[in-house]
Structures are given as structure tokens and as C-alpha cells.
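Open the structure in your viewer and keep the selection tool handy. This tour goes stop by stop, telling you what to select and what you will find there.

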Amino acid sequence: MQVQKVDNISYKDFMKEFYEPGIPLVFKNASKVWKANGLFSPDWFRENFSNRFIQKGDKTYTMREIMDLVETSTESKPAPYPFIFNIPSKLPELLPLLEPLNLNYATPNWLETKWFKKGKWGGVTELFIGGPGGKFPYLHLDFYHMNAWINQLHGEKRFTVFPRGQEELLYPKADDPWRSDVNIFNPDYEKFPKYREATPIEFTVGPGETLFIPFGTWHTAYSLTATISVAFDQLNRKNYPEFMNDVWAFNKRQSKTKAVAKYGYAWLAGQSCKIGEALGAYK
Ligand SMILES: O=C(O)CCC(=O)C(=O)O
Ligand SMILES: [Fe+2]
């Protein structure tokens, strides 16, 4: 299996051929509708937001420091990865450059409704910055079974995804089943013999391209150059049942009362979104 790259697919064909069956896809130019496309670069961020900062581990990094780090990063001495800015809270000025957020493909998206905006379900639009040799720390499934949309706006990243149904070969952690124990960049076959049978699919996503990762797809990423991307999540009728299972499972770890409250809210919000959709409110 390979991940296809497509140009100008219609919304209807995307839904039928990729979204519904849950097949990953790279859009060659879906993000051309964003002003951010062609604009975002290390220099642009240095010029406009050099003093914005984030916390990573126990350190604070400014945008200027981050851009310097990723531009001097090498495969043998990589900069930390990923640097992540929560866009609505740390860089709200970017939001108008990312419209329509759904690219006219990632719709319906219940995370854009008032019902789910308030919840803490993942689903925040994030800016990812990395440099050559930067590895996403683990092979994983996204929390809450969200569909992920990763928009590469500068530089190139290599992604690895696995066809659905290979869980058993990927050794999900017992206490964190959304993460794999296997270091796929240097697999220990003695410890994880079944991983030999897994069939990783590798491909590169370049500037202007958008990767759609359907929920339930194991994935990870490797930055090949200085990279800037914008990631957002999608929730709707298709992944809602799995989303609800996660809402229950995550919250029950903390307390049953909390799980009941969160599940109740998510159930009500889901029903409202279904009704909104039937009334044609979110298209
Ligand atoms: O580094 C990347 O672009 C992958 C990010 C990712 O998979 C995630 O944040 O869940
Ligand atoms: Fe992910």
C-alpha cells in the first residue's frame, strides 16, 4: 500500500474514496486557499513574532531561539522536536491566515461548533516547528480518535503510517494503549518480534501539501529540513462512537463521577451537532 497524492480532488470524491473508508491521503494543494500558504517561513516568524515564547520541558524558548535552533539542527545533532505553539492562545493573529480552516475538505467538523470548542477534547489548532533529524517521540494513535489534518507550510517531513488492523504487531503500551513501545526508527526485533510483519508506509510531505490521517491510523513523523506546519483535528458522526469510548476511558482513569459528567456532556453535544447537521447548519 502507498499513500496517494492528489491534486484538485472534489469534496465528494474525497469523502467517498478516502474519508469514508479511512484511507490516508496527501492533498498537493488543498492549503492554497489559506493566506498562510507561501507566507510562513522561519524569517517571517522571526520578523513578526520573535518574542512569542513557549514552554518545552522545563525550558522557555522564544520564537527567535526556536527558528535559530531548527535552522542549525542536523541529523546527527537534532534540535528538540516538536516545538508546538497553541495558535488560538499564543499566536491568534495567525487565525485569519488559516481560513477556511477546513480547507473545504475537513467538513463537517464538530470541533468548530460552540459545543465542542469549550470542551478540552484535544482539537486545538497547533503550529509545529522542527529541524532536520527531529523525530516525533513515539509511534501513536491520536487521542480521542480524532482525524488529523497536517498542513506542511514550510520544509519537508517524512511520515510513517501503518494500515489499520496492525495493532498487534505494534505493541501498544499496557498503561497507555495510544502509544507503541516500538522505536520504529531503530526497532528492537528481539523484544518486539511481531513488528517484523508490520508494514510501515513512508512518504514525504512537502511545502503546501496537506496530510489527512484518518482516526485509528498509527503514525509518526520525522523532520527532514526546517519545517513549519499547522495541525488541526476533526470530529463528526464518523469518528464519534470511538471518540465517546475514549471520553469514557480517559476520564474513568481519574474518577467515575468525572467520566459520567464528561460523557453526559459529550453525548448531549453530539446529539446537538447531529441535529445541527440535519438542519444544514455546518456546511
Ligand atoms: O510531528 C508531526 O507532524 C506529527 C504530529 C502528531 O502526530 C501529533 O501531534 O499527534
Ligand atoms: Fe498524531
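## First stop: a strand pair

Select Phe27 and look across to β12, where Thr210 stands opposite Phe27. You are looking at a predicted model, so please read each stop with that in mind. Phe27's strand is β2 (residues 25-27), which pairs with β12 in the antiparallel sense over three bridges.

Now select the whole of β12, residues 210-213. Thr210 and Phe212 point one way, Leu211 and Ile213 point the other way, and all are buried. β12 is also joined to β7 by four bridges, again with an antiparallel run. To find a spot on that pairing, pick Leu211 in β12: Ile150 stands opposite Leu211.

## Second stop: β14

Keep Ile150 selected and look for Ala231 in β14, because that is another residue that Ile150 stands opposite. The strand around Ile150 is β7 (residues 147-154), and seven bridges join β7 to β14 in an antiparallel run. β14 has a further antiparallel partner in β6 (residues 126-130), with five bridges between them. Here Glu126 stands opposite Ala231.

Is β14 mostly covered or mostly open? It is mostly covered, with eight of its eight residues buried. Colour one side by selecting Thr227, Ser229, Ala231 and Asp233, then the other with Ile228, Val230, Phe232 and Gln234; both faces are covered.

## Third stop: ligand 1

Show ligand 1 as sticks and select the residues that surround it: Pro82, Phe128, Phe136, Asp142, Ile150, Lys157, His219, Ala221, Ser229 and Ala231. You have already met Ile150 and Ala231 on this tour, and both belong to this shell. Which strands each supply at least two residues of the shell? They are β13 (219-223) and β14 (227-234). If you colour the shell by class, you will see six nonpolar, two polar and two charged residues.

## Fourth stop: the nonpolar core

In soluble globular proteins, nonpolar side chains tend to be buried together. In this model, the largest nonpolar core has 67 residues, and Ile66 and Leu127 are those with the most contacts inside it. Helix α3 (residues 63-72) gives the largest share of this core, five residues.

Centre the view on Ile66. Apart from its neighbours within four places in sequence, Ile66 is in contact with Tyr61, Phe83 and Ile129.

## Fifth stop: Arg164

Next, select Arg164, which lies in the loop between β8 (157-161) and α6 (167-170). Why does Arg164 count as partly exposed? There are 15 other C-beta atoms within 10 Å of Arg164, whereas a buried residue would need 20 or more and an exposed one 12 or fewer.

Show Gly22, Gly216 and Thr217 as well: leaving aside neighbours within four places in sequence, these are the contacts of Arg164. Then draw a distance from the C-alpha atom of Arg164 to that of Ile23; the two are 141 residues apart along the chain but separated by 9.0 Å.

## Last stop: the whole chain

Zoom out and switch to a cartoon view. The protein chain comes to eight helices and 14 strands, and its C-alpha trace spans about 50 × 50 × 40 Å along its principal axes. A compact globule of 283 residues would have a radius of gyration near 19 Å, and the chain agrees with its 19 Å. Buried residues make up 37% of the chain. Among contacts with a separation of 6 or more, 78% come from residues 24 or more positions apart.

How values were computed. Residues are numbered from 1 along each chain as its sequence is written. Chains are lettered from A and ligands numbered from 1 in the order in which they are written. This is a predicted model: local features need pLDDT of at least 70, side-chain atom pairs count only at pLDDT 80 or more; totals for chains, interfaces and linings use all residues. A residue is near a molecule or strand if its C-beta atom, placed from the backbone, lies within 6 Å of it. Ala, Val, Leu, Ile, Met, Phe, Trp, Tyr, Cys and Pro count as nonpolar, Asp, Glu, Lys and Arg as charged, and the others, Gly among them, as polar. A nonpolar core is a set of buried Ala, Val, Leu, Ile, Met, Phe, Trp, Tyr and Cys residues joined through C-beta atoms within 7 Å. Two residues are in contact if their C-beta atoms, placed from the backbone, lie within 7 Å. The radius of gyration is taken over C-alpha atoms; the globule rule is 2.2 Å times the number of residues to the power 0.38. Two strands pair if DSSP finds at least two bridges between them.
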